[in-house]
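Take a look at the protein shown here. Keep the sequence beside the picture as you read.

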Amino acid sequence: MTTSPSLRRMFEVSGEEAWYLLGGVSQGRIVYEQRDNVAVRPASHVLEYGRLVIRTPASSAALFGRVTVTYHCDYLHPNTGTGWAVTAGGLAEVITSPDEAAHYRRTLPGWAHGPHDTLLRIHPQTVTAFRFAHATDASGAAGGTNRSTAS
């Protein structure tokens, strides 16, 4: 006898909860355009004053100036598939101040030193988040809200 996998559902959460989830982790991925391709690199981050500051092994030349990037982090339980995902998008600028860069190099764990060790400040213009949960009935609704009451 085989059992079918449990149904899962995805629901959007508020911007406030998205920031809360983002602040609860320290690593994610930065997505940006590089030579007509999409590049995805790991990154560590910290939230400060409504901005994301990230350290990533990406070429600073590809990110210099004010470019639009996407930052994504998530947590998915390996056995249940439940968890969450947060995506923030907006303008990014390379941190060039030596004092500020020294501070973030002490604060954020690095990936590689040299030309591929870039510090960015992202000014998020959009932040979206989703939670992944188990559905409780065949319709995909959670919490039994779609039960009929026959008399």
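This report goes from the overall layout to the strands, the core and a few single residues.

## Ground rules

This is a predicted model, in which local features need pLDDT of at least 70 and side-chain atom pairs count only at pLDDT 80 or more, while totals for chains, interfaces and linings use all residues. Residues are numbered from 1 along each chain as its sequence is written, and side-chain values use heavy atoms, with hydrogens and water left out.

## Overall layout

The protein has 3 helices and 7 strands. Helices (H or I, at least four residues) and strands (E, at least two) are DSSP runs, numbered from the N terminus. Read from the N terminus, the order of elements is β-α-β-β-β-α-β-β-α-β.

Buried residues make up 32% of the 151 residues. Here buried means under 20% relative accessible area, exposed means over 50%, and partly exposed lies in between (1.4 Å probe, protein chains only). The protein exposes about 9,300 Å², and carbon and sulfur atoms supply 53% of that area. Accessible areas come from the Shrake-Rupley method with a 1.4 Å probe; for residues, only the protein chains shown count as cover.

Now take contacts, meaning heavy atoms within 4.5 Å. Among those between residues at least 6 apart in sequence, 69% join residues at least 24 apart.

## Strands that pair with S7

Which strands pair with S7 in the antiparallel sense? Strand S1 (residues 8-12) does, and S7 itself covers residues 118-134. Strand S4 (residues 51-56) does too. So does strand S6 (residues 83-94). Two strands pair if DSSP finds at least two bridges between them.

| Strand | Bridges to S7 | One residue and its partner in S7 |
|---|---|---|
| S1 | 5 bridges | arginine 9 and alanine 133 |
| S4 | 5 bridges | threonine 56 and threonine 118 |
| S6 | 12 bridges | leucine 91 and histidine 123 |

Glycine 90 also lies in strand S6. Glycine 90 counts as buried because its relative accessible area is 0%. Along the sequence, glycine 90 and isoleucine 122 are 32 residues apart, but in space they are 6.3 Å apart, C-alpha to C-alpha. Not counting residues up to four places away in sequence, glycine 90 touches Val67, Thr68, Val69, Ile122, His123, Pro124 and Gln125.

## The core

A nonpolar core is a set of buried Ala, Val, Leu, Ile, Met, Phe, Trp, Tyr and Cys residues joined through side-chain atoms within 4.5 Å. How many residues does the largest one have? It has 23, and Tyr71 and Val86 have the most contacts inside it. Helix H1 (15-23), strand S2 (27-34), strand S3 (37-48), S4, strand S5 (67-76), S6 and S7 each supply at least two residues of this core. S6 gives the most, with 5 residues.

Valine 86 has contacts with Ala18, Leu21, Leu22, Tyr71, His72, Cys73, Val127, Thr128 and Ala129, leaving aside its neighbours within four places in sequence. Another core, of 6 residues, lies apart from the largest one; among its members are Val53, Ile95, Tyr104 and Leu119.

## Two sides of H1

Ala18, Leu21 and Leu22 are buried in H1. They lie on the same side of H1, because they cover an arc of only 100° around the axis. This arc is that of the directions from the helix axis to the C-beta atoms. Glu16, Tyr20 and Gly23 are exposed on the other side of H1. The cover over the buried residues of H1 includes S3, S4, S5, S6 and S7.

## Three residues to find

Start with histidine 45, in strand S3. Histidine 45 is buried, with a relative accessible area of 5%. Its side chain reaches the backbone oxygen of valine 25 at 3.1 Å.

Next, find aspartate 117 in the loop between helix H3 (98-107) and S7. Is aspartate 117 buried or exposed? Aspartate 117 is buried, at 6% relative accessible area. Its side chain makes a polar contact with the side chain of arginine 55 (2.8 Å). A polar contact is a pair of N or O atoms within 3.5 Å; within protein, one must be able to donate a hydrogen and the other to accept it, and residues adjacent in sequence count only if both atoms are side-chain atoms.

Last comes tyrosine 49, in the loop between S3 and S4. Tyrosine 49 counts as exposed, at 81% relative accessibility. Tyrosine 49 is not a glycine, yet it has a positive phi of about 55°.
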